[in-house]
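Visitor: I am new to this structure and would like a close look at a single part of it, taken slowly. Please choose one stretch and show me how it sits among its neighbours.

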Amino acid sequence: MNRLIAAAACAATLASAQAEGGNYAIDPTHTFVSVEVMHFGTSTQRVRFDRKEGRVQFDRTSRSGRVEITIDMASVNSGVAPFDSHLRSKDILDVAEHPTATFVGSRFSFVGDRVTEVAGTLTMRGKTHPVALKATRFNCYLNPIFKREVCGGDFEAVIQRSLWGVDDGLPAVAPDNVRLLVQVEAIKQ
Amino acid sequence: MRQHRGMKPTALLLALVAAGAGAQPTSYVLDPAHSFVHFEVLHFGTSTSSGRFGPIAGVVTLDRGAGRGEVSLRIDTAGVDTGLPVFNARLRQPDLLASTEYPEAYFVARNFRFQGERVAEVRGEFTLRGVSQPLSLHARHFACREDEGTEVCGGDFMGEILRSDFGATYLLPFVADRVRLLVQVEGRRPQPDRR
């Protein structure tokens with residue numbers, strides 16, 4: 001038994017040594033995932049997903065990375081309770097059947113040290129399609145509270161919701177193209 | 001109101017009434033399902049932190065023919081929602097929103113700029129933590145439509161404040177002074193009582 005624990009510890013050390021660039025855990029207190037939808041051609045409704053978690057592996061030297069963010073779809077929050085219920089229903093997000101959505105990004109683009117795009121796939125309502133999140137800003141800093149490196153930025157993509165079967169209210173109430181906003185920070189582990 | 005030189009108040013009033021004739025001002029009551037303010041502020045020069053106020057309450061009066069308007073909005077500051085209870089509680093503290101002492105923020109404006117029949121800019125006064133400062137909101141989008149037998153007008157507006165102007169100074173300069181306000185509004189023309 002003791003040997004097993006020792007082996008596990010060894011493996012863990014080895015795994016972290018291999019990921020030279022570093023592993024980062026998403027900081028849920030500085031990560032905001034929202035969707036913006038035009039309502040009847042009049043005003044933009046911003047809807048946020050309050051519970052999310054994820055991990056990032058990221059190496060500026062080899063210019064590679066991998067990110068995985070899982071979103072709890074039941075945590076959808078528009079500020080209007082009846083609308084949230086409608087969003088969770090079978091008609092739209094079908095949260096009972098598909099409680100989470102996951103973005104997996106494995107193709108990182110860089111300009112210098114900065115990430116400019118993370119391309120990957122978004123799985124939602126059981127369907128998987130490519131999504132490329134473009135960085136409108138990106139930066140790393142030494143966080144004085146955690147005493148660790150924090151990297152993050154603002155990312156966005158326009159996605160066609162009908163691809164994932166979210167076609168309620170098309171096209172009059174809300175158009176097919178919606179803006180996905182990911183404002184994210186991740187702390188080096 | 002700035003008075004025209006040499007014009008007596010009565011004459012000015014008559015002139016205004018004449019100018020407004022045929023173009024009726026219409027009042028719109030904000031729709032609580034589509035009237036919110038999002039704030040955005042840069043955190044450690046890295047990512048944007050954001051949160052939502054609202055639904056915001058208020059009335060907008062537009063005279064699109066005459067190119068005039070008036071707006072009065074109230075924002076419940078304690079109702080700030082970032083999706084994180086800890087963050088919400090921090091924002092309500094005395095060095096940020098000071099929600100206990102100042103439960104409401106206000107935007108009052110009478111200076112409207114139109115492009116054709118569309119509202120392009122609204123200039124007025126924003127009051128937060130009991131401090132009033134000028135604020136200009138630019139329309140990124142504006143439209144009116146018929147909806148369930150009445151007229152609805154609305155749009156997306158954007159403005160910027162320096163939070164230090166209002167005394168909200170916590171974590172300056174690590175969290176930026178400049179705060180972007182994204183205002184979504186839809187106003188509904190009240191339907192006449194059909195009973």
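Guide: Let us begin with one term: a residue is called buried if 20 or more other C-beta atoms lie within 10 Å of its own, exposed if 12 or fewer do, and partly exposed in between. By that count, 31% of the 189 residues of chain A are buried. Please keep in mind throughout that what you see is a predicted model.

Before coming to the chosen part, it helps to have the setting. Chain A contains two helices and 11 strands, and, if you follow the sequence from its start, they come in the order α-β-β-β-β-β-β-α-β-β-β-β-β. Of the contacts in chain A between residues at least 6 apart in sequence, 54% join residues that are at least 24 apart. The average pLDDT of chain A is 90, with 89% of its residues scoring at least 70. Residues 1–19 of chain A, however, have a pLDDT below 50, and beyond near neighbours in sequence this stretch has two contacts in the model. Where pLDDT is low, the predicted coordinates should not be read in detail.

The part I suggest is strand β5 of chain A, which covers residues 64–72. If you follow its side chains, you will find that they alternate: G65(A), V67(A), I69(A) and I71(A) point to one face and are buried, whereas S64(A), R66(A), E68(A), T70(A) and D72(A) point to the other face and are not buried.

Now look at the partners of this strand. With β4(A), which spans residues 52–59, β5(A) pairs in the antiparallel sense over eight bridges, and within this pairing Q57(A) has R66(A) as its bridge partner. R66(A) is thus one of the residues whose side chains point to the face that is not buried. A further partner of β5(A) is β7(A), residues 100–111, which runs antiparallel to it and is joined to it by six bridges. There, D72(A) stands opposite T100(A).

The turn that leads into the strand deserves a pause. Four residues lie between the strands in the hairpin of β4(A) and β5(A), and R63(A) is found in this loop. Although R63(A) is not a glycine, its phi is positive, at about 55°. Most residues other than glycine have a negative phi, and most peptide bonds are trans. As for its surroundings, R63(A) counts as partly exposed because it has 13 other C-beta atoms within 10 Å, and that number lies between the cut-offs of 12 and 20.

With that picture in mind, turn to strand β5 of chain B, residues 68–76, where the side chains alternate: G69(B), V71(B), L73(B) and I75(B) point to one face and are buried, while R68(B), E70(B), S72(B), R74(B) and D76(B) point to the other and are not. Here β4(B), residues 57–63, pairs with β5(B) in the antiparallel sense over seven bridges, and A57(B) has R74(B) as its bridge partner. In the hairpin between them, which has four residues between the strands, the residue with a positive phi, near 70°, is G67(B). Strand β6(B), residues 104–115, runs antiparallel to β5(B) and is joined to it by six bridges, with D76(B) and E104(B) as bridge partners.

A little before β4(B), in the loop between β3 and β4 of chain B, you come to P55(B), which is joined to G54(B) by a cis peptide bond with omega of about 10°. A cis bond with omega of about 0° joins L172(B) and P173(B), and P173(B) lies in the loop between β9 and β10 of chain B. That loop also holds L171(B), which has a positive phi of about 65° although it is not a glycine.

Finally, stepping back to the pair of chains, 29 residues of chain B are in contact with 26 residues of chain A. On the side of chain B, the elements that give two or more residues are β2, β3, α2, β8, β9 and β10, and β3(B) gives the most, with five. By class, this side of chain B has 10 nonpolar, 14 polar and five charged residues.

Conventions
Residues are numbered from 1 along each chain as its sequence is written. Chains are lettered from A and ligands numbered from 1 in the order in which they are written. This is a predicted model: local features need pLDDT of at least 70, side-chain atom pairs count only at pLDDT 80 or more; totals for chains, interfaces and linings use all residues. Two residues are in contact if their C-beta atoms, placed from the backbone, lie within 7 Å. Ala, Val, Leu, Ile, Met, Phe, Trp, Tyr, Cys and Pro count as nonpolar, Asp, Glu, Lys and Arg as charged, and the others, Gly among them, as polar. Two strands pair if DSSP finds at least two bridges between them. pLDDT is the predictor's confidence in each residue, from 0 to 100.
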